[in-house]
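Biologist: Please take a close look at one part of this model for me. I would like to know how its pieces are arranged and which side chains hold contacts there.

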Amino acid sequence: SGFSGGARMALAFAQNKHINGLLLCGALANADVINTLKTSVYSISGTDDFNFVETAQFLFNEQSIPSNLRIELTRQSHSWPDSLLLAEAYGFIYLSDRDAPAPSGSSVKAFIARQNKKIDSLESQKAILEATMLARNLTLTKPFSDEKSVSATYQKLNNSEAFNKQLSQLKSTLEFETKARDQYIRAFSTKDSLWWKNEISTLEQKLKNESDPFKSDMYQRIKSFWGIACYSLGKQAIQNRDIKLMRNIIPVYRMLEPDNAYVYYYAAFPAFWSGNDTVAINLLNKALTAGFEDMDLINQNFPSSVSSQIKH
């Protein structure tokens, strides 16, 4: 099991080892990678997670979903799912593990009953995509599929007008988001901090007022993408010693995530590159106070005349 980068580590580990199942949260892989795994893969993905596109690729064409992949959708963003959700996912893997002793009929029935209750609850909340994927997981997996009512529930949801409508809404927002991401990447090099301040303020207002869950999820994914873009472009700026790009990134990063230690860490580079070691040292100390812990990275990127004066 793993979350985000940990999920990718679990995937890599499973490619070379015999395991009974994978529980992946906040990250997934393409079909080619999943098809190489000789085990069941249970994916928990937040629809407002910036990594959601990795899961969304499988939702529009059922034939594209690897036979060993089961998907559960949530609205818990980019974070570990709560303990109950993790327990239910583990239960799914455990009860359907062909290498383990056959589970008791009562255990399977109890699990199906809990899942059906969850599906009913999601339906009542008009979360049809989430309900349909849960029903699909049961329908395609033994021993749950032996219960006749399971398949009937899935067919009802999968063929419903509401499901097709929500799938269409999701596709529309993902297409918009993909274009927006490209535009925002360019904006880091072409737009000033005032433009970004207005853009961030506008998006936060939309997040506060948006009643459409698909658009709300999209806005949250875009906002999270900005933060990840700042982190990634900052690493790129360090590698290329690109002071202009770094100076463009820092004010945006600070507006988005003012408490993020990497804001101070990145801010130290333009000062250092400009010959102002005193300011760089002060900013690196602030980064450590804010929670930055990678002294190896500081020693790698700054000379001993700077790193030796860091209070760690």
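Modeller: For the angle given below, axes are lines fitted to C-alpha atoms, for helices over the stretch in contact, and angles run from 0 to 180 degrees between N-to-C directions. The model is predicted. The part I take is the sheet, followed by the charged pairs.

The sheet is open and has four strands in the order β1-β2-β3-β4, with parallel pairing. Its edges are β1 (residues 2-3) and β4, each of which pairs on one side only. From the β1 edge, pairing with β2 (residues 22-25) is parallel and runs over two bridges. G2 has L24 of β2 as its bridge partner. Helix α4 (residues 83-95) lies across β2, β3 (41-46) and β4, and runs at about 155° to β3.

At the other edge, β4 carries a charged residue that is paired. K118 forms a salt bridge with E72, with the closest N and O atoms 2.6 Å apart. K118 belongs to helix α5 (residues 105-124) and E72 to strand β4, so this contact ties together parts 46 residues apart in sequence. The two ends differ in accessibility: E72 is buried at 3% relative accessibility, whereas K118 is partly exposed at 27%.

A second pair has one end in the loop that leads to β4. The side chains of R136 and E62 meet in a salt bridge at 3.3 Å, N to O. R136 sits in helix α6 (residues 128-139) and E62 in the loop between α3 (53-56) and β4 (69-74); the partners are 74 residues apart and link distant parts of the chain. Here the Arg is the buried partner, as R136 has 6% relative accessibility. E62 is partly exposed, at 35%.

For contrast, consider a pair within one helix. R181 and E177 meet in a salt bridge of 3.0 Å, N to O. They are four residues apart in helix α8 (residues 161-190), which means that about one helical turn separates them. With the cut-off for buried set at under 20% relative accessible area, R181 at 18% counts as buried, and E177 is buried as well, at 4%. Salt bridges with shared partners join E177, R181 and R221 into one network.

In total, the structure holds 11 salt bridges. Those described here include one that ties helix α5 to strand β4 and one that links helix α6 to the loop between α3 and β4.

Notes. Residues are numbered from 1 along each chain as its sequence is written. This is a predicted model: local features need pLDDT of at least 70, side-chain atom pairs count only at pLDDT 80 or more; totals for chains, interfaces and linings use all residues. Side-chain values use heavy atoms; hydrogens and water are left out. A salt bridge is a side-chain nitrogen of Lys or Arg within 4 Å of a carboxyl oxygen of Asp or Glu. Buried means under 20% relative accessible area, exposed over 50%, partly exposed in between (1.4 Å probe, protein chains only). Two strands pair if DSSP finds at least two bridges between them. Contact means heavy atoms within 4.5 Å.
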